[in-house]
Each structure stands twice: as C-alpha cells, then as structure tokens.
Amino acid sequence: MMKKVIDRQLELGGDKPEFYEVFARRDSAEPLTHIGSVEAPNEQLAEARAWFVYDHHTWREMCIVPLSAIVTITERDSKSKVKVV
Amino acid sequence: MAVINSIEGLSEADRFLGDELYCIADAKLVLAGWYMMVLQNGRSIADFTSICAMMQGQYGHARALYQHLGRFGVTLEEVEWTRGAKDIRSPKLLDRPPQSWSDFVAAIFMAEQAISTQLSAYRTSLADRTLARLADKILKESRFHLSYSVGWIKALRKDPASTVDEDARRRLVEALDWWGEPDQPDIIFSSGYRDASDSDLRERFLNVVGTTFDVPDGIAGPAKSWRPSIRRTGSPGIPETLFEKIRFKNRELAMP
C-alpha cells in the first residue's frame with residue numbers, strides 16, 4: 001500500500017511545522033487552562049483552527065500562544081513534544 | 001413588530017428589506033453548499049474540522065434568517081421546498097465553482113467579507129431589534145471564517161508561484177456585482193433599517209478587501225440591469241448544476 005506523503009506547503013500552508021498552544025476557560029471563576037495545540041503557518045489560521053477544533057464548550061475566553069514564545073523551565077533540553085492535533 | 005401573512009400587507013420599505021434578507025440568507029445557503037462540496041479537500045484534520053464548522057455555521061445562519069423572513073410572510077415551505085434555481089438570490093460571485101484551492105480561498109474571502117459588510121449595517125437597527133441581535137450574533141461567529149481565509153491567503157503568498165492574488169482580482173469583480181450603482185435611492189437605509197447606504201457599504205467592503213489585497217482604482221460598477229430584489233445584474237437565479245448540488249433534498253428525511 002502506498003504511504004500518503006504530505007506536501008507541507010500545499011496541504012498545511014507552511015514548509016516547517018509551527019505550533020500554537022491553546023488555552024481557554026468556560027467562565028471567569030475557572031483558571032485559564034491548557035486545552036491543546038494546533039499547527040498553523042500564521043496567527044490568523046491558528047486562531048481559526050483553534051476555535052473550530054476546540055469547540056466542545058462555549059468558551060468565555062480562549063487564547064493562543066506560539067510555542068516558540070514559551071520558555072521551558074523543567075523540560076529544558078528534553079525531547080518531549082507537544083501534542084499535535 | 002408585526003408579523004405579516006402576505007406580501008400585500010407590507011410597506012415598500014419592508015418589501016425591500018425582505019428581499020435583501022432573502023439575498024443574504026441565500027448567499028449563506030450557497031456558501032454553505034460550497035463548504036460542503038470542498039470539505040473533502042480539507043488539507044489537514046484541522047482544516048477539515050474548520051470547513052465543517054464553517055459549513056454548519058452558514059447553514060445555521062441561513063436558517064435563522066429564513067425564520068426571520070416569516071415576518072414578511074415567507075414560509076419554510078417556500079424557502080426550502082418550492083423554489084427552483086431561478087428563485088435563488090445568492091451573489092453572482094458564488095455561481096462559478098472554485099477552480100483551485102487558491103481560487104476557493106479567494107472566493108470565500110470575498111463572499112464572507114461581502115456578507116459580513118452588509119450585515120454589519122443592521123447591528124444597530126432600532127426599527128427591527130430582533131434582526132439587529134441576529135446580525136450581531138452572525139457577525140461574531142463569522143469573525144473566525146474571515147480569520148481562516150486571511151490565514152490561508154498569507155500562507156499561499158509564501159509560494160512565489162501562488163495565483164491567489166490573480167484569483168482575488170477576478171473574484172473581486174464578481175463580488176462587486178452584489179452592490180448596485182453608487183448613489184441610487186436606498187429605501188432600506190432611508191427608512192432606518194440599515195445604518196449605512198449600499199454605496200457606503202460597497203466602499204466599506206473595498207476598504208476591508210484593500211487591507212488584504214491590492215484593489216485596483218476605477219473598478220467598474222455593475223451594469224444598468226442591476227436589480228435590488230436579487231442584488232444581481234442580468235437574469236435571476238443560479239446555474240441549474242449548482243442548484244442541484246445545494247438544494248434541499250429528501251424531504252421525508254427532513255426534520256419537521
């Protein structure tokens with residue numbers, strides 16, 4: 001069986017993976033919680049993908065953070081990867 | 001706000017408003033059909049999910065607007081089951097099927113912007129508060145549809161061989177067919193249903209498109225045959241082939 005080869009530029013809109021971490025809360029009493037990640041080549045597409053993929057609640061607040069902006073402390077130099085949706 | 005049982009009981013302003021809402025609702029119906037047909041081409045799981053959600057959103061908006069048309073004597077029977085291709089009032093922009101992924105992205109950008117621009121003028125309507133609230137809700141939900149197309153346009157532009165700008169130029173001309181000649185009488189605006197005239201909305205649309213694409217100077221306005229009741233030039237209706245794809249089917253399976 002032929003393995004599907006993904007053309008990153010054509011199919012995902014970017015030639016290298018860029019991730020955004022998604023945070024949300026259902027009401028103001030809840031803490032802003034990490035709910036997942038999306039891959040997108042820019043903020044606009046990340047915003048749309050995050051909103052549509054993580055629509056299992058009516059979020060009061062949702063925000064995205066580029067993975068590149070996160071400074072790791074405990075996991076520095078580890079090979080742990082983000083969960084890709 | 002009175003509910004009218006037949007078109008004879010409507011004022012002239014209400015007749016024009018009913019026509020315009022029909023055009024907006026049909027634009028959403030056909031756009032939902034586009035998303036439905038393109039769904040299988042979603043380039044990733046996140047894209048597939050996004051297109052699915054936008055399709056669902058557009059169907060929901062269309063149905064909510066059709067329901068509001070009940071105020072003008074329009075019935076669900078008429079809207080969903082008795083109309084043919086010649087009765088659908090969607091913009092000419094959505095007649096031509098997408099020729100490629102970039103043409104699809106350019107076309108949905110223009111369609112989403114055009115519909116949102118027109119609806120934005122109803123958000124403050126004091127003459128019809130139900131419509132104002134509905135317009136506000138639809139606009140909030142449509143924000144993410146616009147982010148999706150703008151994000152893809154940016155991504156496509158990274159490739160020097162991308163045709164997205166040419167596709168957008170062609171689609172812009174088709175999109176402008178949705179607005180009539182500038183400075184014509186606009187009874188929906190003068191009666192207070194909309195807070196902006198069609199001419200101002202056309203200008204607002206061009207300005208917002210101009211933040212993403214180069215808008216050439218002196219784009220020709222629509223021909224004299226433009227009709228406000230269908231927001232189109234030329235003959236009414238959409239191509240039969242498109243209608244066959246987007247029409248409601250299998251009445252026996254439909255929810256009561």
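**Notebook: chain A, chain B and the helices between**

I began with chain A, where I counted two helices and three strands. I note at once that this is a predicted model, so that I read each entry below with that in mind. Following chain A from the N terminus, I found that the elements run α-β-β-α-β.

I then looked up how chain A is packed, and I found that buried residues make up 27% of its 85 residues. Turning to contacts in chain A between residues at least 6 apart in sequence, I saw that 52% of them join residues at least 24 apart.

**Where the chains meet**

Next I asked myself which residues bring the two chains together, and I found 16 residues of chain B in contact with 20 residues of chain A. On the chain B side, the elements that give two or more residues to this surface are helix 2 (45-68) and helix 5 (129-157). Helix 5 of chain B supplies the largest share of that side, with eight residues. Sorting the side of chain B that touches chain A by class, I wrote down eight nonpolar, five polar and three charged residues.

**Helix 4 and helix 6 of chain B**

I moved on to helix 4 (residues 101-120) and helix 6 (residues 164-176) of chain B, whose axes come within 8 Å and cross at roughly 40°. The crossing of helix 4 of chain B past helix 6 of chain B is right-handed. When I looked for the residues involved, I found that helix 4 of chain B contributes Ser102(B), Asp103(B), Val105(B), Ala106(B), Ala107(B), Met110(B) and Ala114(B), while helix 6 of chain B meets them with Val164(B), Asp167(B), Ala168(B), Arg171(B), Leu172(B) and Ala175(B). By class, I entered nine nonpolar, one polar and three charged residues for this contact.

**Helix 4 and helix 8 of chain B**

My last entry concerns helix 4 of chain B again, now with helix 8 (residues 198-210) of chain B, and here I noted an angle of about 135° with the axes 9 Å apart. Angles over 145 would count as roughly antiparallel and those from 65 to 115 as roughly perpendicular, and therefore I list helix 4 and helix 8 of chain B as oblique to each other. Helix 4 of chain B passes helix 8 of chain B in a right-handed crossing. From helix 4 of chain B, Gln113(B), Ala114(B), Thr117(B) and Gln118(B) make the contact, and from helix 8 of chain B the partners are Leu201(B), Arg204(B), Phe205(B), Val208(B) and Val209(B). I divided the residues of this contact into five nonpolar, three polar and one charged.

Methods: Residues are numbered from 1 along each chain as its sequence is written. Chains are lettered from A and ligands numbered from 1 in the order in which they are written. This is a predicted model: local features need pLDDT of at least 70, side-chain atom pairs count only at pLDDT 80 or more; totals for chains, interfaces and linings use all residues. Two residues are in contact if their C-beta atoms, placed from the backbone, lie within 7 Å. Helices (H or I, at least four residues) and strands (E, at least two) are DSSP runs, numbered from the N terminus. Ala, Val, Leu, Ile, Met, Phe, Trp, Tyr, Cys and Pro count as nonpolar, Asp, Glu, Lys and Arg as charged, and the others, Gly among them, as polar. Axes are lines fitted to C-alpha atoms, for helices over the stretch in contact, and angles run from 0 to 180 degrees between N-to-C directions. A crossing is left-handed if the near helix is turned anticlockwise from the far one by less than a right angle, and right-handed if clockwise. A residue is buried if 20 or more other C-beta atoms lie within 10 Å of its own, exposed if 12 or fewer, and partly exposed in between; C-beta atoms are placed from the backbone. Angles under 35 degrees count as roughly parallel, over 145 as roughly antiparallel, 65 to 115 as roughly perpendicular and the rest as oblique.
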